[in-house]
Structures are given as C-alpha cells and as structure tokens.
Amino acid sequence: MKNHALLLSFAFLLLLSCEEKVAEVSEESPVQEQTGDGIDAEQRLLDLDIELIMPNPPTANYLKAKTVGNVVYLAGHGPDRPDGTQVIGKLGADLELEQGIEAARFTGISLLSSLKAEIGDLNRVKNIVRAQGMVNAAPSFKQHSQVINGFSDLMVEVFGEKGKHARAAIGMSSLPNNIAVEIDMIVELYE
C-alpha cells in the first residue's frame, strides 16, 4: 500500500512538472516557437528603419511571386526607390559602385515587399535559398559581385543566418527600362 501511495505521489509530481514545461513553451513568442532561432524578421525591418513598398503590378503576363508547396519563387525585381522612381543607368558608365550597391539594396527591399504580399508574414521564411543578380554594366565593369552584395547583406541583416543564400552575379549589356539591377530569388517557408 505504501508503494502504491508513493507511486501515485511520484506520478502527480511528474504530471505537474510536464504542465510547467507546457506553460513555458506556450509563453514563447510565435517567432521563437515557429523558427526556434528567436529572429523576428518583421521587428528587424523596424529596427533597421526599412519600410517596405507597395509592390508594383507585373508589367507583362507573369506573377511577381508564385508559391509551390513551401517554396516561393519571386520574379525579377528592379531597384524601386521609396518615392516610386527607380535607379537607372549602367554601372561603370553612368553609375559608380556605391550607387550599384544601393540599387541592389533597393531591389532587395522590393523583393521583400512582394514576398510579404505573397506570404503575409516574413517570419514564415525558413531560408533565402537562391538569388540571381543581374547588373546593367559597361563591358569594362568587373565588380558585379560587390554590387549584388547590397542585396545579400540586406537579407542577412533581416533574416540572420537563414538569409545567407546561393547566388549568381551576372553582367548584362542592358536591362528593362535601363534599370541598374534586376534580382530574382527563391525562398523556403516553414511548413
């Protein structure tokens, strides 16, 4: 009988301990619960004083973003400034390296704006998987990678380690409407 009472007491204590653990887990923020990394991408945007823009509608018969399963494919975006204009010109002819880096950062903000419009909450992002950066460049320009770093650095600023991605940085003889940079990307979401 003593063993039975001792066993019931032990089971009761174990049950109380499990309830405390459940309460601790449920008190975590939704981001920590979902991602386990504690990074709140939406808060990071606020901390970095980055305002997303209203995505422009597609200029032809395509979508800005398409979700298939837990992967989002984002079409090529250009360097949209907050005032509605774009960074125009050719690197190595009309624009300096620093202007190209800024153009790539604007392009990243444009991509994040379309991504948020597609998925609702940037905390759903598990990984920035891949990006392809195209630089409108004079034939003598050789710093394509440094230009696209403006985009890559932004992704890491917003998402931390999960913002690191595979990428290509390619020089082009021209881009639509003479924009300085065009970037597309692939994003994995939490299921």
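Begin at the largest pocket of this predicted model, whose lining residues divide into six nonpolar, eight polar and three charged. The volume of this largest pocket is about 320 Å³. To bring its centre into view, select Thr 59, Tyr 62, Lys 64, Gly 78 and Gln 86, which are the closest to that centre among the 17 residues of the lining. Then colour strand S2, since the largest share of the lining, three residues, comes from S2.

Next, turn to the interior and select Leu 112, Leu 115, Val 147, Phe 159, Met 185 and Val 187, which touch the most other members of the 38-residue largest nonpolar core. The elements that give two or more residues to this core are helix H3 (41-47), strand S2 (71-77), helix H4 (97-119), strand S3 (125-136), helix H5 (144-159) and strand S5 (181-189). Of these, show H4 on its own for a moment, as it gives the most to the core, with nine residues.

Now centre the view on Leu 112 and display what surrounds its side chain and backbone. Which residues is Leu 112 in contact with, leaving aside its neighbours within four places in sequence? The list to select is Leu 45, Leu 52, Leu 122, Leu 154, Met 155, Val 158, Phe 159 and Met 185.

From the core, move on to the charged pairs, where the count comes to four salt bridges, and visit three stops in turn.

For the first stop, select Glu 42 and Lys 116, whose side chains meet in a salt bridge with an N to O distance of 2.9 Å. Because Glu 42 lies in helix H3 and Lys 116 in helix H4, this pair ties together parts that are 74 residues apart in sequence. Lys 116 is partly exposed, at a relative accessible area of 27%.

For the second stop, select Glu 157 and Arg 105, which meet through their side chains in a salt bridge of 3.2 Å, N to O. Here Glu 157 lies in helix H5 and Arg 105 in helix H4, so the pair ties together parts 52 residues apart in sequence. Glu 157 counts as partly exposed at 29% relative accessibility, and Arg 105 is also partly exposed, with 26%.

For the last stop, select Glu 188 and Lys 126, where the side chains meet in a salt bridge at 4.0 Å, N to O. Glu 188 belongs to strand S5 and Lys 126 to strand S3, so this pair ties together parts that are 62 residues apart in sequence. Glu 188 counts as partly exposed at 22% relative accessibility, as does Lys 126 at 35%.

Note on methods:
Residues are numbered from 1 along each chain as its sequence is written. This is a predicted model: local features need pLDDT of at least 70, side-chain atom pairs count only at pLDDT 80 or more; totals for chains, interfaces and linings use all residues. Side-chain values use heavy atoms; hydrogens and water are left out. A nonpolar core is a set of buried Ala, Val, Leu, Ile, Met, Phe, Trp, Tyr and Cys residues joined through side-chain atoms within 4.5 Å. Buried means under 20% relative accessible area, exposed over 50%, partly exposed in between (1.4 Å probe, protein chains only). Helices (H or I, at least four residues) and strands (E, at least two) are DSSP runs, numbered from the N terminus. Contact means heavy atoms within 4.5 Å. On a 1 Å grid over the protein atoms alone, a cavity is a set of points where a 1.4 Å probe fits but cannot get out, and a pocket is an open set with protein on both sides within 12 Å along at least five of seven lines; lining residues have an atom within 4 Å of a point. Grid points are joined across faces, edges and corners, and a volume is the space filled by probe spheres set on the points. Ala, Val, Leu, Ile, Met, Phe, Trp, Tyr, Cys and Pro count as nonpolar, Asp, Glu, Lys and Arg as charged, and the others, Gly among them, as polar.
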